[in-house]
Amino acid sequence: MTETPSPEPGIVDKTFQWLDERLGLTNVWDTVFARMVPETNWFYTLGSASTILAILQLITGMLLTIYYVPSPDHAYDSIQYIMNEVAFGWLIRGIHHWGATLMVLVVFLHMLRTFFVGAYKYPREITWLTGVALLAIVMVLGFSGYLLPWNQRAYWATSVGTSIIGAVPVVGPLLMEIARGGPAIGAVTLSRFYGLHVWWMPLALLSLIGIHLYLVIRIGITSPPERSE
Ligand code: HEM
């Protein structure tokens, strides 16, 4: 009996092999996605849910910047335009709006999960600390984004929020003035919050998620605690 010769690799296989040899794609896949993990439960999916929400917020936020105008004269109208005229604008803004609320909730629940299994202890202290910074960034993103629609609710919520900063002993009034960009909320506050919301915070978020996930992969995750008999 003659053996059938194995078929020549196709163009897709050949291209993949060419790239794999140069970029080490199989190695990356094995390290990131095919790594060994302990048996876990649904609470261990909250970190991945936070990552997916962060990506969703970045994509929908980038789409919103196409029509949003960060000036007191046009901010409100540009949001009305997105909601009523732009194709699927209402959907993109809706996802961004509810995604923000969901993200705060999911990140907080993820923090509770890691706290209750003691994942903040050795050797995961830096993972925890980067997590604390991530929570702060998510809150600043939420607060700065709230002003952008430039409606009554946004204006007064920011007025109250920045007044709270002003209540900090000694440095409060200075911090409040820095946050508002002057004694009152106005054009400078809007452009300052817009800069924070679309540049500084997303950049910090992405960099810290990168470090956070590097540590999760490097150290490995905890296994759920078991009841000892
Ligand atoms: C944008 C926010 C965040 C993202 C995208 C994120 C992402 C992740 C992912 C994907 C994991 C691995 C899977 C899992 O354990 O769920 C993880 C693990 C971890 N995260 Fe976060 N995280 C965020 C915020 C936080 C916060 C606020 C804390 C705590 C203050 C935190 C502390 C930890 C710790 C300690 C681990 C290791 C868990 C273990 O070994 O069991 N993370 N994170």
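The following questions and answers concern a predicted model, its ligand surroundings and two of its helices.

In this predicted model, local features need pLDDT of at least 70 and side-chain atom pairs count only at pLDDT 80 or more, while totals for chains, interfaces and linings use all residues. Residues are numbered from 1 along each chain as its sequence is written, and side-chain values use heavy atoms, with hydrogens and water left out.

Reader: Which residues are the closest to the ligand?

Author: A residue is near the ligand if one of its heavy atoms lies within 4 Å of it. There are 25 residues around the ligand, and the closest are Y44, H110, R113, H212 and T222.

Reader: How many Å separate an oxygen atom of the ligand from an N or O atom in the side chain of R113?

Author: A polar contact is a pair of N or O atoms within 3.5 Å. In the side chain of H110, an N or O atom is 2.8 Å from a nitrogen atom of the ligand, and a backbone N or O atom of G47 lies 3.0 Å from a ligand oxygen atom. For R113, the distance from a side-chain N or O atom to an oxygen atom of the ligand is 2.4 Å.

Reader: Is S50 buried or exposed?

Author: S50 belongs to helix 3 (residues 46-64), and, leaving aside residues up to four places away in sequence, S50 touches M103, V106, V107 and H110, where contact means heavy atoms within 4.5 Å. Buried means under 20% relative accessible area and exposed over 50%, with partly exposed in between (1.4 Å probe, protein chains only). Because its relative accessible area is 10%, S50 is buried.

Key. A polar contact is a pair of N or O atoms within 3.5 Å; within protein, one must be able to donate a hydrogen and the other to accept it, and residues adjacent in sequence count only if both atoms are side-chain atoms. Helices (H or I, at least four residues) and strands (E, at least two) are DSSP runs, numbered from the N terminus.
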